[in-house]
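User: Could you walk me through how to read a fold like this one? I'd like to start with the loops and work up to the packing.

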Amino acid sequence: MHVIYGGTFDPIHHGHLRLALEISDRLEVVPINLVPCHIPPHRGDTGASAEQRLRLLELALAGEAQLRVDERELKRAGASYTADTLRQLREELGPEHPLTMVVGTDSFASFDRWREWQSIPELAHIVVVRRPGAELDPDGLPAAMLAERRVSDPQALHGQPCGLMLDLQLPLLEISATGIRERIEAGRSPRYLVPDSVWQEIRRQGLYRACPDGNF
Ligand SMILES: Nc1ncnc2c1ncn2[C@@H]1O[C@H](COP(=O)(O)OP(=O)(O)OP(=O)(O)O)[C@@H](O)[C@H]1O
Ligand SMILES: O=C(O)c1ccc[n+]([C@@H]2O[C@H](COP(=O)([O-])O)[C@@H](O)[C@H]2O)c1
């Protein structure tokens, strides 16, 4: 099975990394492919450029055999729509190969506003990871879609190419990229929230600082 986990990763942090490893263990899939988006479809400018976010991801994943970066969205111009990415992968993998995307409830809550969202279950399975503080509206379309397609056994995803949804409650780290950017902007260190190599590179490049030349 091919698994992708997309995000802005601005910057990558230990919450993302722990989630990806948990998914690898639960689904019994190696590697999990982290897909940084080029231009995120539903948010404003990123704090770091696409190249800088990719560099931080590469540093975070150095020597980590369970996780890999897939740069396909960075090579595409324009907004990074997940349906385009999945369609491209489906062509590469063929019609029968199981394909799965992973998404947290904070992103999945607005799934019915994603480009061509109704076609996504025809391309891939979806693993929805419950994120504390980001509950789904029980009357909303994403919750209805989840209820209709929900399976409880991760093994079910291996048995068909797409169309199922796994509702996962995982032990998550309460870390957000927004919180990290705010800390850095305020002159406070995010160490232990991101890998050391990532923090060193953020400092070296002066990323997320209101005044990049200032001392820490
Ligand atoms: N700490 C975390 N634990 C589990 N999943 C997370 C965590 N942080 C983000 N995610 C999930 O990872 C994916 C990519 O997230 P994203 O790159 O937007 O990170 P973020 O920390 O939520 O960033 P921001 O604060 O800028 O929104 C989303 O599906 C999101 O739900
Ligand atoms: O395809 C879309 O319309 C779409 C809309 C919002 C988010 N996404 C994807 O969802 C993933 C998480 O997004 P974000 O903004 O929470 O980092 C990332 O891979 C985005 O490309 C995709």
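User: Let's begin with the prolines, then. Where is Pro 11 found?

Analyst: Pro 11 sits in the loop between S1 and helix H1 (14-27). Keep in mind that this is a predicted model. For a proline, look at the omega angle of the bond before it. Here a cis peptide bond joins Asp 10 and Pro 11, with omega about 5°.

User: And which residues does the other cis peptide bond, with omega about -5°, join?

Analyst: That one links Val 30 and Pro 31. Pro 31 lies in the loop between H1 and S2. Glu 28 is found in that loop between H1 and S2 too, and its phi is near 55°, a positive value in a residue other than glycine.

User: On to the sheet. In what order do the seven strands come?

Analyst: To read a sheet, follow the pairing from one edge across to the other. Here the sheet is open, the order is S3-S2-S1-S4-S5-S7-S6, and the pairing is parallel. Strand S3 (67-69) and strand S6 (150-151) are the edge strands, each pairing on one side only.

User: How many bridges join S1 to S4?

Analyst: Four bridges connect strand S1 (residues 2-7) with strand S4 (residues 99-104), and the two run parallel. Take Ile 4 as a landmark: its bridge partner in S4 is Met 101.

User: Which strands do the helices lie on? Start with H3.

Analyst: Helix H3 (residues 82-93) lies across S1, S2 and S4, and runs at about 155° to S4. H2 also packs on the sheet, where it touches strand S2 (32-36) and S3; the direction of H2 makes about 155° with that of S3.

User: What about helix against helix: at what angle do H2 and H7 pack?

Analyst: For a helix pair, read the angle, the axis distance and the handedness together. Helix H2 (residues 50-61) and helix H7 (residues 196-205) pack at about 150°, with their axes 8 Å apart. Over 145° counts as roughly antiparallel, so that is how H2 and H7 are related to each other. The crossing in which H2 passes H7 is right-handed.

User: Which residues make that contact?

Analyst: H2 brings Gln 52, Arg 55, Leu 56, Leu 59 and Ala 60, while H7 supplies Ser 197, Val 198, Glu 201 and Gln 205. By type, the residues of the H2 contact with H7 split into four nonpolar, three polar and two charged.

User: Last one: what feature does UniProt place at residues 4-183?

Analyst: The unreviewed UniProt entry gives "domain: Cytidyltransferase-like" for residues 4-183. Over that stretch the chain is 32% helix and 16% strand, and the end C-alpha atoms are 29 Å apart.

Notes: Residues are numbered from 1 along each chain as its sequence is written. Chains are lettered from A and ligands numbered from 1 in the order in which they are written. This is a predicted model: local features need pLDDT of at least 70, side-chain atom pairs count only at pLDDT 80 or more; totals for chains, interfaces and linings use all residues. Axes are lines fitted to C-alpha atoms, for helices over the stretch in contact, and angles run from 0 to 180 degrees between N-to-C directions. Angles under 35 degrees count as roughly parallel, over 145 as roughly antiparallel, 65 to 115 as roughly perpendicular and the rest as oblique. A crossing is left-handed if the near helix is turned anticlockwise from the far one by less than a right angle, and right-handed if clockwise. Two residues are in contact if their C-beta atoms, placed from the backbone, lie within 7 Å. Ala, Val, Leu, Ile, Met, Phe, Trp, Tyr, Cys and Pro count as nonpolar, Asp, Glu, Lys and Arg as charged, and the others, Gly among them, as polar. UniProt positions are given in the numbering used here, feature names are shortened, and annotations may be inferred rather than shown by experiment. Two strands pair if DSSP finds at least two bridges between them.
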